[in-house]
Amino acid sequence: MSANWREYILQGIPAQLPPKKALDPSISHAPRRKDILSIEEKKLAVRNALRYFPSDWHSGLAQEFAQELLDYGRIYMYRFRPDYDMHARPISEYPAETQQAAAIMLMIQNNLDPKVAQHPHELITYGGNGAVFQNWAQYLLTMKYLATMTEEQTLHVYSGHPMGLFPSSKNAPRVVVTNGMMIPNYSSQDDWEKYNALGVTQYGQMTAGSYMYIGSQGIVHGTTITVMNAFRKVLTPDENPAGKIFLTSGLGGMSGAQPKAGNISKCVTVCAEVNPQASSKRHEQGWVDELIDNLDDLVTRVRSAQANKEVVSIAYQGNIVDVWERFYEDEIFVHLGSDQTSLHNPWSGGYYPVGLTYEESNQLISEDPETFKLKVKATLKRHAAAINKHTEKGTYFFDYGNAFLLEASRAGAEVMAENGIDFRYPSYVQDILGPMCFDYGFGPFRWVCTSCDPKDLARTDQIALDVMTEIKASAPEEIQQQMQDNITWIAEAEQNKLVVGSQARILYADAEGRAKIAEAFNQAVKNGEVSAPVVLGRDHHDVSGTDSPFRETSNIYDGSQFTADMAIHNVIGDSFRGATWVSIHNGGGVGWGEVINGGFGMVLDGSEEASVRLKSMLFYDVNNGIARRSWARNKEALFAIKRELDRSPELKVTLPNLVEDDLLDKLL
């Protein structure tokens, strides 16, 4: 089968009905979803699923799909999951008419690689419900379309469903993706459950449904910057993080970055995870140093790490609430605290109640979802109460944009500030990444070497390091720290063993850095220093790509944090400035209905056309967000956009006139 994988891609839906597949117990599977459909709606879900297949298969598949819906709450079409190994392959191996399409095929397979994806057989990459496709028929059709498309066609993908190839032009995106784009009044959590079960929409998270996930490395850099700067906020200049505790939770596809980031930041990381498979996976991959499943042993180990000023990451296999409460009882001081459980998805396995095992919780989700919901709310209240006790003793706690404070407030936990409007704890964007990075244009720029050759990745690391070092030499004081942190990051990237899946790297850079690095990559591909095209992209969690009032735009205070114009303009603007593919999503990070986010992919093939595209698109992709942030009167963004206006005469931006507080204070 593996030798013929190209033939299977080219056939799309197979000509003959493949045999049924048993569920693989060695793979982490998605929890059973909420039983929310009526009898008539379940019939509709089966009808919707059957339309992918010839009518003479319907009678057999109808019962099978109905059973999947009853057993799992979704129709995944397990029977049609390919038998070939799922992983990124060198771009030259893909059966494609264009390199751009082959690169997208590589990225899709990487998102579904069992070493990378959280629930690969349910086509979920990370976050509990961040899907690449809704079912395996969509995967098969999409890969066939990509294999056969020309440079004058565009594939349009509706929430995982490949609507088809439409005539376009060589300068148009090869793929346009939307995920979860609902009419606003139909964007609640139960709406996702219902319409996803019907097979008509999906939650694409950020880089899951946009084919740009690169494993936990994708977030580890941002987490490292956050943790380093959080320690800078609480430590004196003569102190360092060694032996000091960063306490958090979650070891999934995104949250798995935390222990690695803690090690790079040189502290003691304690990260709780209720799913033993998830914590074991991160340990096997080298992303966490030690596994402990007993609270007494954890306390003993942490005291030793504190006393010896160690740099170590520890995964506690259990509930985070137990850790917060026990550390308070035993007077273990926590310098930094946060949380990265998937609270965008609180009722379907994103957050687990204290006092129940992982298996008991999953059973409760499917058999008694209302009781599960009540237990989650009670746990959130306990969780917040324990954190409050620690912060009264000096712990610095920050929300990591996973909707922890939002869901805790909805559960009735004591997390509100005295004004009853704001949360008592800041988000990491409000306190750290917003003013330090996003407002200056620094964000998670990333690239993938499509040769799958580590030597190419090492070469691109060196290119990026050389470019950043050169830029830093003349950079203004305001961004010197950001430049140095990223130079250190890229210099140490290989030794930190960040790669899982494709040969990829992430680096925070501003518009100047991104364009110069990308141009240097394109030239390296042209002259053969890098042996195959390089895919550029970024996390949606960036300067311009995401409107999210509780995360990416939480440090915008003019009221526009609840609007989504920036993200929509960004995806449209990127699409006609040279992106190879673009995507726009409802949901991601903080939950469905709480955020609109988008991203892009760009293939650098060494051509002059790629050089023109990268300069045009990367400039807009960053400066769109800086302009919006400067209009919101953010001081750092005003500095950044004025600097850009000085060096880019074709750029014209509307700048705000600042109003004196005294004038308004006397007005009303």
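How are helices α7 and α15 oriented to each other: roughly parallel or roughly perpendicular? In this predicted model, the axes of helix α7 (residues 217-234) and helix α15 (residues 428-436) make an angle of about 105°. Angles of 65 to 115 degrees count as roughly perpendicular, and α7 and α15 are therefore roughly perpendicular to each other. Two packed helices are described not only by this angle but also by the distance between their axes. For α7 and α15, the axes lie 10 Å apart.

On the side of α7, the contact is made by G222, I225, T226, N229, A230 and K233. On the side of α15, the residues are Y428, D431, I432, L433 and M436.

The model also contains enclosed empty space, with 8 cavities of 30 Å³ or more. The second largest cavity has a volume of about 110 Å³. Its lining consists of 13 residues, and those nearest the centre of the cavity are Y440, D510, A640, R643 and R647. Two elements, α20 (608-631) and α21 (635-647), each give two or more residues to this lining. Of the elements, α21 gives the most, with 5 residues.

The table sets out the residue classes of the helix contact and of the cavity lining.

| Group | Nonpolar | Polar | Charged |
|---|---|---|---|
| Contact of α7 with α15 | 6 residues | 3 residues | 2 residues |
| Lining of the second largest cavity | 7 residues | 2 residues | 4 residues |

Notes: Residues are numbered from 1 along each chain as its sequence is written. This is a predicted model: local features need pLDDT of at least 70, side-chain atom pairs count only at pLDDT 80 or more; totals for chains, interfaces and linings use all residues. Side-chain values use heavy atoms; hydrogens and water are left out. Axes are lines fitted to C-alpha atoms, for helices over the stretch in contact, and angles run from 0 to 180 degrees between N-to-C directions. Helices (H or I, at least four residues) and strands (E, at least two) are DSSP runs, numbered from the N terminus. Angles under 35 degrees count as roughly parallel, over 145 as roughly antiparallel, 65 to 115 as roughly perpendicular and the rest as oblique. Contact means heavy atoms within 4.5 Å. Ala, Val, Leu, Ile, Met, Phe, Trp, Tyr, Cys and Pro count as nonpolar, Asp, Glu, Lys and Arg as charged, and the others, Gly among them, as polar. On a 1 Å grid over the protein atoms alone, a cavity is a set of points where a 1.4 Å probe fits but cannot get out, and a pocket is an open set with protein on both sides within 12 Å along at least five of seven lines; lining residues have an atom within 4 Å of a point. Grid points are joined across faces, edges and corners, and a volume is the space filled by probe spheres set on the points.
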